[in-house]
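Ready for a few exercises on a structure you can turn around on your own screen? Try each task by yourself, then walk through the worked solution below it.

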Amino acid sequence: MDLFKGLVSGAFLGMATFLAFTAVLFRPAATSKIADRLYAIRTLMVSFYVYESGYGLIAFDSGMNPAAAARGMKSLGLDPQQVLHVFLTHSDYDHAGGLAAFPNAEVHMYEKEVALATGKVARRLFMKNSVKKYFQIHNSKPVTVGNDTIEIVPAVGHTPGSCCYLLNKKWIFVGDLMLLKDGKPRPFARLMDMSHSQSVESLNGIVESGILSSCDIIATAHGGIATKNEESKAPAA
Ligand SMILES: [Zn+2]
C-alpha cells in the first residue's frame, strides 16, 4: 500500500514538475488569425496552424486532442470537416493527438518518423507514440496541393523524423525544432529532445541555409510565432 501511495504521489510530483516546467518554458501562439488565410489554434500548451488553400483546409500538426482542436477551429469560423490534409512535424501526442478531429484529412509525415509514429521504436522508456490514422509518407520532395507547394525540410533530433514544412517559400512551420526568444530561434528543451545535439545541429544547418530569414513567418509549436516585420507576436496571456 505504501509503495502504491509512493508511486501515486511520485507520479503527481512528476506531472506537477512537468507542468511547471512547460508553463515557464512554453509560450504557444494564441488561437487567432495570424496572416491572410493563416490561423493559429492553441490547445493547452501547444499550437497548430491551419491554412485556407483553394482546395480545402491544410493543417500543420493537429493539437493535443480532437475536442480542443475542433473547438479552437470553430471559434475562428473554420470547419474541421474541411481539413483535407494534415502535415505532422512529428508524431508526439501533443502534435498528433488531435487527428481524430479531421475525418476527411490525409495525414502526411516524413518517412524517418514512421518507426516512432507506429510504436516500433519507443519515445521514452515504455512510452510509445501511436499514429493510427492512415498516412502518406514522404521523403524530402515537395508536395503540391492545388496551387500551393509544401516543402519538407528535414530537422531530425527532437524525434528521428522531425521536420519543418515550408509553405509557398514564405511561411515555415517548425514544430519542436526550436523555441523563440525575442523573435530569434533558440534550441528546444534538452530534456524533451530524443537527441538534443542532433536537434541543435539541424537548427544550425537550417539557420545557415537562410531558409528562416527568407520567410515572412516562423511558426513554432510551443514558442509562438516570429514575423519578419515584428520581433515576435505576443504570446497568449
Ligand atoms: Zn511538442
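## Exercise 1: the sheet that holds β9

Strands β9 and β10 are antiparallel partners, joined by 5 bridges. This is a predicted model, in which local features need pLDDT of at least 70 and side-chain atom pairs count only at pLDDT 80 or more, while totals for chains, interfaces and linings use all residues. Residues are numbered from 1 along each chain as its sequence is written.

**Task.** Work out the strand order of the open sheet that contains β9 and β10, and say which strands stand at its edges.

**Solution.**

Step 1. Fix the terms. Strands (E, at least two residues) and helices (H or I, at least four) are DSSP runs numbered from the N terminus. Two strands pair if DSSP finds at least two bridges between them.

Step 2. Begin with the pair above: in it, Pro154 stands opposite Cys163 of β10.

Step 3. Go to β8, which pairs with β9 in the antiparallel sense over 3 bridges. Here Val143 faces Ile150 in β9. The β8 and β9 hairpin has 2 residues between its strands, and Gly146 takes a positive phi near 60° there.

Step 4. Look at β11 (residues 171–175) and β14 (residues 217–220), a parallel pair with 4 bridges. Trp171 sits opposite Ile217 in β14.

Step 5. Put it together: the 6 strands run in the order β8-β9-β10-β11-β14-β15, with mixed pairing. β8 (143–145) and β15 (225–227) each have a single partner strand, so they are the edges and one side of each lacks a neighbour in the sheet. On average, neighbouring strands here are turned by 20° against each other, direction ignored; such angles are taken between N-to-C directions, from 0 to 180 degrees, with axes fitted to C-alpha atoms (for helices, over the stretch in contact).

## Exercise 2: one residue of β9

**Task.** Decide whether Ile152 is buried or exposed, and list what Ile152 touches.

**Solution.**

Step 1. Locate the residue: Ile152 lies in strand β9.

Step 2. Apply the cut-offs. A residue is buried if 20 or more other C-beta atoms lie within 10 Å of its own, exposed if 12 or fewer, and partly exposed in between, with C-beta atoms placed from the backbone. Ile152 has 21 C-beta neighbours inside 10 Å, so Ile152 counts as buried.

Step 3. Collect the contacts (C-beta atoms, placed from the backbone, within 7 Å). Leaving out residues up to four places away in sequence, Ile152 touches Tyr110, His138, Ser140, Cys163 and Tyr165.

## Exercise 3: the two sides of α5

**Task.** For helix α5 (residues 196–209), compare its span with the expected one and find which residues are buried.

**Solution.**

Step 1. Check the span. The expected value is 1.5 Å times one less than the number of residues. With 14 residues, α5 reaches 20 Å from its first C-alpha to its last, close to the 20 Å expected.

Step 2. List the buried residues: Ser199, Ser202, Leu203 and Ile206. They cover an arc of only 100° around the axis, which puts them on the same side of α5. The arc is that of the directions from the helix axis to the C-beta atoms.

Step 3. Recall the helix geometry: an α-helix has 3.6 residues a turn, so residues three or four places apart point the same way.

Step 4. Turn the helix around. The face away from the buried side carries the exposed residues Ser197, Asn204 and Glu208.

Step 5. Find the packing partners: the buried residues of α5 pack against β9 (148–154), β12 (178–181), β13 (184–187) and α6 (211–214). After the helix comes Gly210, with a positive phi near 85°.

## Exercise 4: the second sheet and α2

**Task.** Describe the 7-strand open sheet and say where helix α2 packs on it.

**Solution.**

Step 1. Read off the order: β1-β2-β3-β4-β5-β6-β7, again an open sheet with mixed pairing. Its edge strands are β1 (32–35) and β7 (135–138), each paired on one side only. Neighbouring strands are turned by 25° on average, direction ignored.

Step 2. Place the helix: α2 (residues 66–75) packs on this sheet, touching β2 (38–43) and β3 (46–53), and its direction makes about 140° with that of β2.

Step 3. Sort the residues of α2. Ala69, Ala70, Gly72 and Met73 are buried. Seen down the axis, they fall within an arc of 165°, so they line one face of α2. Lys74 and Ser75 are exposed on the other side.

Methods. Contact = placed C-beta atoms within 7 Å.
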